[in-house]
Amino acid sequence: MHHVISGAAGFIGSHLCDRLVAEGHQVVALDNLITGSRQNIGHFKNNSNFRFIECDVTTPLASVLNGAGPFDQVWHLASIASPKEYLAHPIETLDSGSAGTRNMLEIARRDSARFLLSSTSECYGDPLEHPQVETYWGHVNPVGWRSCYDESKRYAEALTMAYHRTYGVRTNIARIFNTYGPRMALDDGRVVPAFLDQILRGSPLTIYGDGSQTRSFCYVADLVEGLLRLSRSEERYPVNLGNPIELTILEFAERTRELMESSSEIIFEPLPADDPRKRRPDITKARNLLGWDPKVDLREGLRETVAYFRALAASESSNIKSGRAKREKPQ
């Protein structure tokens, strides 16, 4: 099959590329690299089934794709997902959910392709129902600091359903909950990379609020499996994909310290505005429709993630030392 993926150099997008190429599919990868990284897809450099195009999917794509296609599957993963980054780029975040979604939907419409939107649990906002089920409409502040991300995804879902109802595009909507794993950016502000970064640097772990707010953590390989199963289904309404095991942030901090054998102290800072107090997916729908359930437990997933970041830190340190040696070499 022939796939096109926006946000392909990002954390989840690059792992999706891995899976599809490994299965023998052809992939055209799109990314403007605002938060994605060439390093995430560098291993495809000489792979004939993979083509990378640096572009912004919020601009018209016909000339950018330059005859690529037709496509069997369109994946729209382009989005600025970390609070630190979308607060710094609110307009770009809104554009990726609006113009970006429409441009990718137009490719699917043109080619009569399947289309999958990566949406988010943030559509539920600071939920008044717990756990969150897909029929819950959410509790979102439409003019708050986080609204650029929340509302971009809510609009993207509405636009996706409009294309399905109006043009018959075969669409799927994945509401993704907290996901972690190798290739996350250490400095993106989300809790998993933030804690790992602080421990690796020997800094205190920063918890916002009193640490009683909850999250659930899904390993990226499990999420990619869920996305693939959803993309092959006939379900048009949103489907939660995430790990239903819920931890407080304080519990997660303790587990991370234990796994990394760290004695870093924990410090507390004020809770950001509109930060969700509870977050846990009800995945009954995914289990029943897709036969999907996360398999990787938190300890195993964190071990793989920690190993990746330690190897990355060692590589960067080696490169710095090598560069310094070259500069200091007598002429």
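**Figure 1. Ser 112 in the loop between H5 and E5 of the predicted model.** Ser 112 is exposed, because its relative accessible area is 58% and the exposed class begins over 50%. This serine comes after helix H5 in the chain and has a positive phi, near 55°. Most residues other than glycine have a negative phi, and most peptide bonds are trans. Ser 112 is a residue other than glycine, and its phi is nevertheless positive.

**Figure 2. Helix H5, residues 99-111.** The helix holds 13 residues, so a rise of 1.5 Å a residue predicts a span of 18 Å. The C-alpha atoms at its two ends are 19 Å apart, which agrees with that expectation. Buried positions in H5 are Gly 100, Thr 101, Asn 103, Met 104, Leu 105, Ile 107, Ala 108 and Asp 111. An α-helix has 3.6 residues a turn, so residues three or four places apart point the same way. Beyond the helix, the chain continues into Ser 112 with its positive phi.

**Figure 3. Helix H8, residues 220-231.** With twelve residues at 1.5 Å each, H8 should span 16 Å, and the distance between its end C-alpha atoms is 16 Å, in agreement. The helix is mostly covered, with nine of its twelve residues buried. These buried residues are Val 220, Asp 222, Leu 223, Val 224, Gly 226, Leu 227, Leu 228, Leu 230 and Ser 231. Two residues of this list, Val 224 and Leu 228, are also touched by Leu 16.

**Figure 4. Leu 16 in helix H1, residues 11-22.** Leu 16 has a relative accessible area of 0% and is therefore buried. Apart from residues up to four places away in sequence, Leu 16 touches Ile 5, Trp 75, Leu 77, Val 224 and Leu 228. Val 224 and Leu 228 are among the buried residues of H8, so this view links helix H1 to the helix at residues 220-231. Glu 300 lies 284 residues from Leu 16 along the chain, and the C-alpha atoms of the two are separated by 20 Å.

**Figure 5. Met 260 in the loop between helix H9 (249-259) and strand E13 (266-269).** Although located in a loop, Met 260 is buried, its relative accessible area being 6%. Neighbours within four places in sequence left aside, Met 260 is in contact with Leu 196, Ile 199, Leu 200, Val 306 and Arg 310. Leu 20 is 240 residues away from Met 260 along the chain, with 32 Å between their C-alpha atoms.

**Figure 6. Ala 313 in helix H11, residues 298-328.** The relative accessible area of Ala 313 is 39%, which means that this residue is partly exposed. The C-alpha atom of Ala 313 is separated by 19 Å from that of Ser 264, a residue 49 positions apart from it along the chain.

**Figure 7. Arg 183 in the loop between strand E7 (179-180) and helix H7 (191-200).** Arg 183 is a residue other than glycine with a positive phi, near 85°. Its relative accessible area is 17%; Arg 183 is therefore buried, the cut-off being under 20%. Ser 112 likewise has a positive phi, but Ser 112 is exposed, whereas Arg 183 is buried.

**Figure 8. The cis peptide bond between His 130 and Pro 131.** Omega of this bond is about -5°. Pro 131 belongs to the loop between strand E5 (114-120) and helix H6 (147-167).

**Figure 9. The whole chain as the setting of the close-up views.** The chain has eleven helices and 13 strands. Its radius of gyration is 20 Å, close to the 20 Å given by the globule rule for 331 residues, so the chain is as compact as a globular protein of that length. Along the principal axes, the C-alpha atoms fill a box of roughly 60 × 55 × 35 Å. Of the 331 residues, 53% are buried. Among contacts with a separation of 6 or more, 79% join residues 24 or more positions apart. The chain exposes about 15300 Å², and carbon and sulfur atoms supply 50% of that area. There are 39 positive and 42 negative side chains, and the centres of these two sets lie 4 Å apart.

How values were computed. Residues numbered from 1 in each chain as written. Predicted model: local features only at pLDDT ≥ 70, side-chain atom pairs only at ≥ 80, totals over all residues. Heavy atoms only, no water. Helix = DSSP H or I, 4+ residues; strand = E, 2+ residues; numbered from the N terminus. Expected span 1.5 Å × (residues − 1). Buried < 20%, exposed > 50% of the residue type's maximum accessible area, 1.4 Å probe, protein only. Rg over C-alpha atoms; globule rule 2.2 N^0.38 Å. Contact = heavy atoms within 4.5 Å. Areas by Shrake-Rupley, 256 points an atom, 1.4 Å probe, with all protein chains shown as cover. Lys, Arg positive; Asp, Glu negative; His and termini not counted. Charge placed at Lys NZ, Arg CZ, Asp CG, Glu CD.
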